[in-house]
Amino acid sequence: MGPAGGQDILRYRYQYYDEQDGRIDVESHYLDYEHRWGATSASLRLAVDSLSGETPSGVPSETDERGWDFVNIEDERRVAVATIEHEINDYTLTFEYAHSKEDDYRSNAVTAKVSREFNQKNTTLTGGVSFAFDEVLATDFTNIFENEDKDTLDVSVGLSQILTPNTLFDLTLGYGRSRGFLADPYRRISQDESQIIAGPFGPIEIEGPFEYPENRPNEQHRFVAKASVRHYFEEVDGALKLSYRFYANSDSVEGHTAELKWIQQVTEEVSVTPYLRYYQQSGADYYYPTLTGTGIRGTGLTDGSGPNYSADYRVSKLEALTYGVRVAWDVRSDLTLDLQLERYEMNGLDSETPASFFPTANVVSVGAQWRF
């Protein structure tokens, strides 16, 4: 127990995300500290993500056997999140500030939420709003030559309802809007064409391919709806959780996520949770593997004006499957350890995007929680 009868919780988690075939590797460390006294709690999260590996740039290559150019990237992200929560009668008020920084990105975000319990605490309504003020930083390797701003607003409302003593239902609706520089500053797109340039003895025609930085819209609206139900089966001491999430944005992307999770209590100290998650999305209306044959002429602009285009496979029509298992062990009444193993597989659903763009990855995560 902490001072004045307060409760303290210290959490640590290590995660290693490893894409196959020399793609992206991410090594993450998370440290959380939470202190509760009376009706108030305060927490601090510190995180470091180290990223390295290669990713497709969006343009063909004459030297790479895969036929496309893959670029090596290396970066480190440092994150700090401070949260304070206070309960007043049936209300819970939450305020959060988050700051993160990378070599090419800086973000500051604030979040405020309020929850209220009704119906003898069987019903909880939650509303929240967050603002993020980000800056995309120009480097020697980006398509931009000066820092660009990106501002994001997100609002959400949620309902949590106890349907029976063993069944819980949750529903969340959200809206988001982003404005500013929304492109990936490293992605490029190719086009086979001829251009006329001035030469020492008159105009000269040069044959492509030529490369242009991607140019996405400078404003995006997002809509999210997520529903989940969890039911505890007393006869087997296990719980089933089903969830579905719908996502749509103003770039014509629609995403569907379905997840199945089973939480099995093996002994009083050990639980095992296998899970399966499937995701499918349509492609953005500005996605093209190449501009050749599209009737769109590359402009070199990056401010969102003019025609929009991107060869980023992450906004193509695709599907992703995630499956894994988590094992948790209550070593003592105040100490819990857990291990999580996960497999991630992404595949394209159009006939134009090369299969080599889509990664598969193994994820290993270990964690510890100490209550004192």
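Start at the hairpin of β15 and β16 and select Ser252, which takes a positive phi near 75°. Four residues lie between the two strands of this hairpin. The model is predicted, and the stops below follow it from this turn to other strands.

Widen the selection to β15 and to strand β16, residues 254-265. The two pair in the antiparallel sense over 11 bridges. To check the register, pick Gly238 and look across to β16, where Gln264 is its bridge partner.

Next, add strand β14, residues 219-233, alongside β15, residues 238-249. This pairing is also antiparallel, and it runs over 12 bridges. β14 and β15 form a hairpin with four residues between them. In that turn, select Asp237, whose phi is positive at about 55°. Which residue of β15 stands opposite Ala227? Tyr244 does.

Keep Ala227 selected and add Phe169. The C-alpha atoms of Phe169 and Ala227 are 7.5 Å apart, although 58 residues separate the two in sequence. Phe169 belongs to strand β9, residues 167-180. Leaving aside residues up to four places away in sequence, Phe169 touches Ala227, Ser228 and Val229, and also Leu159, Ser160, Gln161 and Leu163. Phe169 counts as partly exposed because its relative accessibility is 27%, which falls between the cut-offs of 20% and 50%.

Now go to Thr94, in strand β5, residues 91-101. Is Thr94 buried or exposed? Thr94 is buried, because its relative accessible area is 15% and the cut-off for buried is under 20%. Show the side chains of Thr94 and Glu85: a polar contact of 3.4 Å joins them. Glu85 is also among the residues that Thr94 touches, together with Thr83, Ile84, Thr111, Ala112 and Lys113, when residues up to four places away in sequence are not counted.

For the last stop, switch to a surface view and select Leu10, Tyr12, Leu31, Tyr33, Leu44, Leu46 and Trp370. These residues make a nonpolar surface patch of about 600 Å². Colour β1 (7-19), β2 (25-37) and β3 (40-60) separately; each supplies at least two residues of the patch. Finish on Leu31, which lies in strand β2. With a relative accessibility of 39%, Leu31 counts as partly exposed.

How values were computed:
Residues numbered from 1 in each chain as written. Predicted model: local features only at pLDDT ≥ 70, side-chain atom pairs only at ≥ 80, totals over all residues. Heavy atoms only, no water. Buried < 20%, exposed > 50% of the residue type's maximum accessible area, 1.4 Å probe, protein only. Polar contact = N/O pair within 3.5 Å; in protein donor to acceptor, adjacent residues only side chain to side chain. Contact = heavy atoms within 4.5 Å. Pairing = 2+ DSSP bridges. Patch = residues over 30% accessible without salt bridge, like charges linked within 9 Å, V, L, I, M, F, W, Y side chains within 5 Å. Areas by Shrake-Rupley, 256 points an atom, 1.4 Å probe, with all protein chains shown as cover. Salt bridge = Lys/Arg side-chain N within 4 Å of Asp/Glu carboxyl O.
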